[in-house]
Structure formats: structure tokens, C-alpha cells
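Got your viewer open? Here's a short walk through the model, one selection at a time.

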Amino acid sequence: GLSSARAAEILARDGPNSLTPPKATPEIVKFLKQLVGGFSILLWIGAVFSWISFGIQLAQGAESAFDNLYLGVVLALVVILTGIFAYYQEAKSTNIMASFSKMIPQQALVIRDAEKKELPADQLVVGDVVEIKGGDRIPADIRLIFTQGCKVDNSSLTGESEPQSRSCDFTHENPLETRNIAFYSTTCVEGTATGIVINTGDRTIIGRIASLASGVGNEKTPIAIEIEHFVYLVAGVAISIGVLFFIISVSMRYKILDSIIFLIGIIVANVPEGLLATVTVSLSLTAKRMAKKNCLVKNLEAVETLGSTSIICSDKTGTLTQNRMTVAHLWFDNQIYSADTSEDQTTQPFDQSSPSWTALSKIVTLCNRAEFRPGQENLPIMKRVVVGDASETALLKFAEVILGDVMNIRARNKKVAEIPFNSTNKFQLSIHETDDPNDKRFLLVMKGAPERILERCSTIMINGKEEPLDSEKAEAFQTAYMELGGMGERVLGFCHLYLPENEFPDTYPFDTDSMNFPTSNLCFVGLLSMIDPPRSTVPDAVSKCRSAGIKVIMVTGDHPITAKAIAKSVGIISATSETVEDIAKRLNIPVEQVNRREATAAVVNGMELKDMSLQQLDEILCNHSEIVFARTSPQQKLIIVEGCQRQGAVVAVTGDGVNDSPALKKADIGIAMGIAGSDAAKNAADMVLLDDNFASIVTGVEEGRLIFDNLKKTIAYTLTKNIAELCPFLIYIIASIPMPIGTITILFIDLGTDIIPSVALAYEKAESDIMNRRPRNKRKDRLVNEQLAVYSYLQIGIMQSVGAFVTYFTVYAEQGFLPSTLLGVRVDWENNAINDFEDSYGQEWTKYQRTYLQWTGYTAFFVSITIQQVADLIIRKTRRNSIFQQGLFRNKVIWVGIFSQIGIALILTYGLGHVTALNFTPLRFQYWFVAVPFAILIWVYDEVRKLFIRRYPGSWWDKNMYY
Amino acid sequence: SLAVKILLFYVIFYGCLAGIFIGTIQVMLLTVSEFEPKYQDRVAPPGLTQIPQVQKTEISFTASDPKSFEPYVKNLEKFLKDYSADQQTENIVFQDCGDIPTDYKERGPYNDVQGQKQVCKFKREWLENCSGINDPTFGYRDGKPCILVKLNRIIGFKPKAPVNESLPPEVMAKYNPYLIPVHCTAKREDDADKIGTVEYYGMGGYPGFALQYYPYYGKLLQPRYLQPLVAVQFTNLTYDMEVRVECRAYGQNIQYSDKDRFQGRFDIKFDIKSS
């Protein structure tokens, strides 16, 4: 090995043997981004204007100057607090992931200074000699110099699920293909090996793929685009109304300073300050709900992306399937039997009365080296850990389920000799004593590749009797073999022979090297076929996807036949649809003559894909609704994802291997497997499936769609009262009435009473089966569309304003200012020097008395908006159905929202009514009810709207009123 | 035609809303009396205000320059127009309430069943040097400015004469059981010597508001109501410096507040320049 000194030198030159983590944005930059994102800029402008007018007024010596200072401070605080909140939310969801990336420091056995040493793997350098044994992770890219039965699992790198044997022989030019290189981050499954480190850290194959992944740009999530669109829309409205009224007020000869203050008010009224925080909370509530259903969301916005997904590119192994071989079919007595392949099987229902089965079960039990790890007696059989390869494990569990206690049976049938499976023989053989004390014969059992086993047989067991293996019986075997193989299953043949007692007495020395026992003219007993069966929840999930308009594409490294079989059994290829090849076979014509359009399904081989142009790929993706990509390399996955995205689809991709990470990143939503997934895949993904189950994706889709609908409702709810906040300013400017509502009061609505109700809408149940409609078209189905804005702004918003103004005029009239008196009074009303301002009855008011009345007006306006927002909240529960269909009390959180809203309003008016700075005053109780008729009107009007939408679908009403 | 449909919809929609708005406002107005407001908790207790009011509460002029005090004089003149003798000739409207303070004059319920209510006369001559009859500049040309003090009108409000113990000694001297006395002092104690002599002119020489002028019955029932005035003349103000003066009205139901500096009192700044 290397000397420590030399190793240290190289370490200094090359750096540690670890992957450079993706460059993280500095925390402060993340935070500052929150401070300028969204509406923050508008609010900053408002704050700066406030300070400017404070400065000017201070210079002029006006008494009210400090109001503007405070307003500016409050606005800045709002921005900073919402910024901190958003930052905290983001940090929280990032932290969930941090736990994933935390790896246990890996150790490597290295020879340094001619001694074996345990070193942390990141200290390895090029030239180090390392030793590996079964179960280890390969600590770097190494060239093997000594191996003993070494097999590695390269699935995370190449996607091949079969362990591959490694040797010292150089077999291929391509480093990925050659046998004498083991790769960083793959695992050694069995055997031992010694090798020399040839690449470390980012220079390893994995490192190069990882850097490729970080090169793939992160696309904006659909919901981010929607929110941006919404922010632009609202900001556009705010700025245009602001500027318009700035011009109007200047041309109405208001002072520039006053006009600026109006502008601030208009901006504050227009900007839904609390909304972005609400959206974040709603998303994280959904994320929590999804986490409970085993979808862990890394990036909050991905919650919704899943809902708009239109294509899912799914892995087969582990995601659609159980990721374990299971016996699926048996053939004995010339008949095929199906076995139960579900996850939690406890019995097998097929007919077990035939003596052939008894013989077959004996071979299955005895000719098997797999064993249960001890100490698992209380676990269900299917969950027990087994030492042995996948097929033998399947057989062991199968036997255990039917016969019970296999280990005991084996103990009673003592093994006297054994030849393990090898690739030249393609069979496995063992010789046992029998458990029948009267039968002193030895039993030879053998299993292996069916055709090889058949070659060695001269008889075949039918109903427990040995019959000669004639051509007819051989034909029957062939048919069964083809049929099972055609289902994509791995088939094994089983045969046995009772060795005659006279030739093989008790003491006979069996020698496996010289094979001093018969290995031909055996008795063929039966076939067993195994498959990695689909998870039982998957077919249902796939059909749900289908009805939800989501195309499920299977992308697997597996064999096309197996892939197609699984695709058929889970419904990715439906029972009635055919591939081009199927049609050709049915019509008995060459493949080239088949009209490709007739085939709805397609199974595309990776080799074909390699030679395809982009147009050809697009054509396949376009023309076939059911597609399976088999034998694909993970690199091809990226091409497939890009192809889907070219169709305008929102693509979800599942993956677990390191080399899936570019595809995961490229996808609109990358879904990594929580159990089988590599860290690199989890890092690149937006979401982690904790149970690796495809069905969990579907529940995620459902949640994603629901949150999109509910965010629509939240936004509609929030936008409505903006008009009720804005109208006072506009009417104040135009009609010169006393100010109906204060800027601070507006902030108390936006960030006080409205917050909990708008979050409560996130708990609303779906109106109809959201899994029965097509995924939203990301170009057409906007989060905030014209209908939503128009209906909220120009209809409900105006109704709210009317209700609030009625309260306002009532308060003033009952205190002595009739509505007619109020018009045009602004200048005198706000003049500090006028302390004998005359009302409609001839009474005289001091400035402070007027101001106090004005605050009472603010409070009344505020209360009216709050009361009408209760109605607004109730009507927003549904967009199409009647509230009574939806159930008024089904979503309890809405009621929490309503009570919180009224509670906060009560506290503000009566509790804090004496704090001057807040501009609230205690309010006569009856004023709480002035707006109630308007609230009822809003409800009734909206019910009528929904009724017409349901009655006259497609009418102009439906088109313009449904948001 | 879709645009027309939508336009029509909004015309109808906003038409209905406007109708509902006007309708509810009308219904609300029906519940409000024309003669007295429903609530007065925001307007009472009354404010105390001064004439002249020309921007801010500040009086600044040069005695030798008539232009500099012209706005004040005009303001006073305009205000006192209604108080001239020739404006108070109609005996149906104006009642002679004597020239010594007496008790409140109740004039029945607050409605027009009995028609309009009479109001008490207030003779401008009572204001003597500050009446503008002899000196049309109200003392401003001599550097002895007059201000008029009035208690803000509040319908039905009956100010109660102060309890004697509570009054400062100077005010005690003016005590009368039917009088709301008015008294002006320096706002800051340091300025006490800069104010000089202060003269008070009011009804029959009483420096305050007599109770027979109350209660006020409102614009509709007493359109020509003359609220009682007290003229205050500062005859010896220090020139060339800002002097802050605070005037208060005293009464059991007249209160002062830190938040409302014009409730029951006001302060005014004098700045008389010598040249």
C-alpha cells in the first residue's frame, strides 16, 4: 500500500474522497430574497413614500407628521416579518431533507504502511489498496486485483437490478462494462475483493453524473409561475389604480404630498399582505398531510406540481412491483396453477392434493440453500429477512407458507452432498436422507434452467406416478414453459431421483467433484415460475391515474417481456390494447405492414430508442397512450423526460439510482424512493416516497389538485376585501368625505382577521371527484384567472364596499353628520385649526372630536368588512356546488376561522379600542349588524351564481362567472 | 353580443346595487330625527373656541401696520355681523333675556310641533371695546388685541355653573350661580408677567356665558341662535415675543382632556411686533 506520508501528499493534491455538495445559496441571500420577493417591493415603496412625506411634513412643522413615520415603520415591519416567516417555512422544509443527506461516516479497510487500517472513506486517495467484503459500500472507483465470488449491485449506477460478478479480468473498453472495476457508492453484495483506488471524489463516475445533475437547471414550479402571475396581476392593478388616482388627485389640486399619501393608501389597500404567507401555510399543511401518506415533500411548491402532473414516468422495480421475487405459477400434472403473489399471503389457494405436488414441494424445500435469519419467528413470513439470492428466497418463503417450518423439514432430511448453482451447469443439486425411517434410499433433488433439467430426465411424474417422457409430454412441457416465459416470469425446472438402496447404501461416499451418482435419467416433477409481482395497490392507482387523465409511462431497465407483463398486470397497458407486434401476430402479417396508429400501446426497447431521432420519439409519445420503455439506460430516461416535456406535459419522474438524478432534476417533479433511493437521487428530487409505492404518488396527485382548487378559493377570498379597502380611498379622493378607513386598520384586516379564515380554506374537501378530471392545462387553467379577479373585484368586492359604506354613513348620521353634509368636507374636516366644525344639526366639533369620530368610522368600516368576509368565507367553500351540497359544517376549521375572525375584531374594538395609535374605538353593538343584510345578500347572490352555472353549463354566465 | 350581454349585466348589477345602497341609506335616515342627533357621545363635552380664526391658533401682527391685522379684524367683523342690533329686531325670533345671568330657558320638546323656537338676544354693545362699534379694529391698532370666546354649540347641552371651591381665586371673583366663567392665563408660568392686564366683556359685564342661552335647540328650530360670547382683550401684552395664553371655561360638566386640547379650553399664541 501507500505510505501515510505519500497518502497525505495525494490527499492534499486531490482533496478528500467525497462528492462536493451542490452549491448552497448563502442563508443571508435566501433571506434577502424573501425581503424583496412578491409584494415586498410595493410595500417598500409604500414605506419609503411614508418616510419621505414624514420628512417633508416634519420640515413644515405639521403635527401629524409622525403618523407617516409610524406607517412607514409598520409597512417595513410587515415586509420583514412576512419575510422572516417565509424564510422560516423554507428553512423548515429544507431541514427535513438535511436528515436524509446526513450519512453515517463510511469506513474503509485500507492497506497503508503495509498495515491494514480502518480509515474514514473520505481519506482515501488514488493508489490506495482497499479490501472489500460482502455488504460493504465501495468507497471509491477501484480496479480489482483480487476477487473471490465478488458480486456488486450496480443498480444505482446503471439501473441493472441483477448483481453482477466482478473479477480481475479486463473485459471491455468501456469502464462501465468491464468486469474489473467497481464503482464508488455501489455495494458489494457478496464475496470479497481487493483493489486499487483509481478515482476519488468528484472524479469518480458517480461524481461526474452528480455534477451533470447540478448542471440541469431547476425549472420554476407551476405554482411558482402561477403565484408570480398573480403577483404581477395584483401589482399591476395596484400600480395602475395608484398612478391613475395620483394623477386625478394632482389634477384635482390636492397637494403633491397628500397625493403621495393617497398613493400609499391605495398600494396598501391593494396588496394582500398576508396572502403569500397564507399560501405558504396552506402548502405546508398539505405537505404535512402528504407526509402522513408517505409523500415527503422537499420543496413546498412541489405539493401542487404533483397535482398538475400529466405524465408519470415510473420505474418498475420497487415502485410498481414489490421488489422481491415471488412464485407466481406452478406447472405439474400437465397443468398450470397460479399462486398468490400478494404482499401479505399466509396460505396458497391452489390445489395441493396431488402427490406430484408433494414431490415437487420436497424438491423446492430441500434443493435450496437460502435460510431465514434467526430470531424472526414472530414476523410474518413475507417480511422475514433471508440469506440467499432472490429466487431461492422466493422458493423458501413459498415453501414456508405452504409447508411451515422449512428448516425443520430440512433437518429431518439430512443433506449428504450438494452442488451449488453455477453458470456452466445451470443447475443445483443436493442429495438427502429421507425422513421416512423405513425408506433407506437417498433422494437426489435438482433444480435449474428448465430445458437443462428436462435434458437430464427420462420420466415425468403425472399424478404421483412416473411415466416415460415421450414427445407428447415433452411438447406439453414446451408449451407450459413458453407460456410462463411469455408472462415475463423466470422459470425453474425441478426433478428428483430416489437412488436405489442397493447401489447407494448408507455409507456411500458421495463426491461432488467426481459426481459418483447419476445426474441423468431423472424424473421430471414440475416447473415453478417467479416474478417480481406488482404491488397490490398499484393496479387501482394506475386506473385512478387513467381516469385522472394522467399518462403512466413505465421506464425500466428490465427485459421487454417482463416489463410488458407487469405493465399489463397493473393496467399501464390495458387488457384490450395491443402493440404493433401484437397486431402483427394476430393478423399474421409482418410488423412493417401494421398501421401504427391502430396500436394504442407501445413497448420500446432501449436499443431502438438509441437509434431514434427526436421526432420519432415525439411521435411515439404522441401516438401511443400506453407506453413501456424497456432495457433503457438511466441516461435515456432523461431523453424520455425531455420528450414528454416537449409535448407540454408536466412530468413526474420516479427514480432511485444516482444516475437517475439528472432525470429527477429535469422533471417537473422528481420523486425519489425513500427506501431504495440513493442519497443523490433524494437530493435531486422534489419529493421522497417513503414507502416506494406508486399508489402514494396518486394520493399525492389528489392532494396537489385539491390544494390548487383551495388556493384559488383562498385567493378569491382574500382579493375580495381589497376592493372594500380600496373604495374608501377612491371615494375619499373624489368626494372629499372624511376618510372611511385607515391604512393601519387595513393592515389589521389583511394580517389579522383574514389570516386564519384563508388558511381554513385549505382544509376544504373537494367539490367533486377531482381524480375524474384531466390535469390542468398549465397555459390555460390559471390559478388566478380573469373570472376570479373580475368576480372578486367587481362583484363581491363592490357589494362589500356598499355594505361597509352603509355602516359608515350610519355611524356618521347618528352622530350628527348626515350623508349630504359629508360630501366635500375633507379640507376643513382635516384642518387642525378648525375646532368649531359645524355638523348637520348646527353642533360644533373640535378637531379631536372629529378625529375620534373618524376612528369610530374606521372601526365601523372594519367591522363591516369583517362581517361580510364571514359571508365571503362561506361562499368561497365551493366554486360550483351549493354550500348546502358541500355541507356547511363539514369543514370545522372554517368555523374556527369565522370565530377567530370575529374574536379578533372584538378584541381590537373593545380591548384595544383605547390605544390611540391603533385607531380603533369601542363601537356601539348595533353597528355590528348593519352589514349583516349585505352579508346575506352576498351569500344569496353567490348561490344564485352557482345555481346558474350548474343549470346552464357552457352558457355565457358559466363562462364568465365560473372561476 | 357577448360584450353587450356583459355590459348589460353590469349595468343591471350596479343599478341594483346603487338602488339597494340608496334605499338602505334612506331607510337609515328615516330612523334619524331631523331635530336632534341620535348620539352625542362624540361631540360632548363641548369645545371652547376663539374668534378670529385665521390659519392656526396664532395672532401675529404689527400695531402700526393695518395690513398685518386686517385678516383678524375682518374675521371678527364677519362673525359679529349676526350680533348687530339691526339683526335682532324681529321679536318673534328674538327674546330679550335680560342682562343678568339667570337659569336655563327650556323651550319645550325637540320638534317643530310648536314651530321654531325663540332665541335670546345678545347685545353687541356688551362686548364694549371689543364690540367693534367704537373701535373698528378691535384694539389691534393700539396693540391691544381682542379675541372672542365661545363655547361650542351642542344640542340640549346645559352647562352647569362651577362649584365654588374648585375654582382658582381669580375666577372665584367672577362667581355667579348662573354663569359659566371664562378666564385666560399664561400657558407657561414664566409668561405670567408678560400677559399684562386682561379685560373680560360679556353679558351685562359678566365675564362668562349666562345659562339662559342654554339649551341650544339645533339649526332647524333655532336657525338664528346667538351663542353667548365673552370678549377678552389683552391690553398690555409684551411685544416682540411669543406669548402663549390659555383660556378656560369653568363648569361642572365642562372637562379638559390631554388628547383634545380644545375641550373646555384653548390656547392661543400672540406675537405682536413693535414695528
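Start with A:Ser53, and keep in mind that this is a predicted model. Its contacts, once residues up to four places away in sequence are skipped, are A:Asn68, A:Leu257, A:Ile261 and A:Ile264. The residue belongs to helix α3 (residues 40–60) of chain A, and it counts as buried because its relative accessibility is 1%, with the cut-off set at under 20%.

Next, colour chain A by domain: domain 1 (4–16 + 105–215), domain 2 (295–321 + 535–692), domain 3 (326–504) and domain 4 (705–929). Put a distance line between the C-alpha centres of domain 3 and domain 4 of chain A, and you get 77 Å.

Now for the greasy part. The largest nonpolar core has 221 residues, and the members touching the most others are A:Phe694, B:Tyr140, B:Ile147, B:Phe209 and B:Phe234. Helix α24 (residues 694–735) of chain A supplies its largest share, 19 residues. Zoom in on A:Phe694: beyond its neighbours within four places in sequence, its contacts include A:Ile312, A:Leu320, A:Val538, A:Val542 and A:Cys545. There's also a second, separate core of 36 residues, with A:Val401, A:Val406, A:Leu443 and A:Phe494 among them.

Last stop: helix α20 (residues 614–623) of chain A, where A:Leu617, A:Ile620 and A:Leu621 are the buried residues. Look down the axis of α20(A): the buried residues fall within an arc of 95°, so they line one face of the helix. They pack against β21 (551–555), β22 (601–605), α19 (606–610), β23 (626–630) and α21 (634–646) of chain A. Flip to the face of α20(A) turned away from the buried side, and you'll find A:Gln615 and A:Cys622 exposed.

Technical notes: Residues numbered from 1 in each chain as written. Chains lettered and ligands numbered in written order. Predicted model: local features only at pLDDT ≥ 70, side-chain atom pairs only at ≥ 80, totals over all residues. Heavy atoms only, no water. Helix = DSSP H or I, 4+ residues; strand = E, 2+ residues; numbered from the N terminus. Buried < 20%, exposed > 50% of the residue type's maximum accessible area, 1.4 Å probe, protein only. Contact = heavy atoms within 4.5 Å. Core = buried A, V, L, I, M, F, W, Y, C linked by side-chain atoms within 4.5 Å. Domains from an automatic or database assignment. Arc of directions from axis to C-beta.
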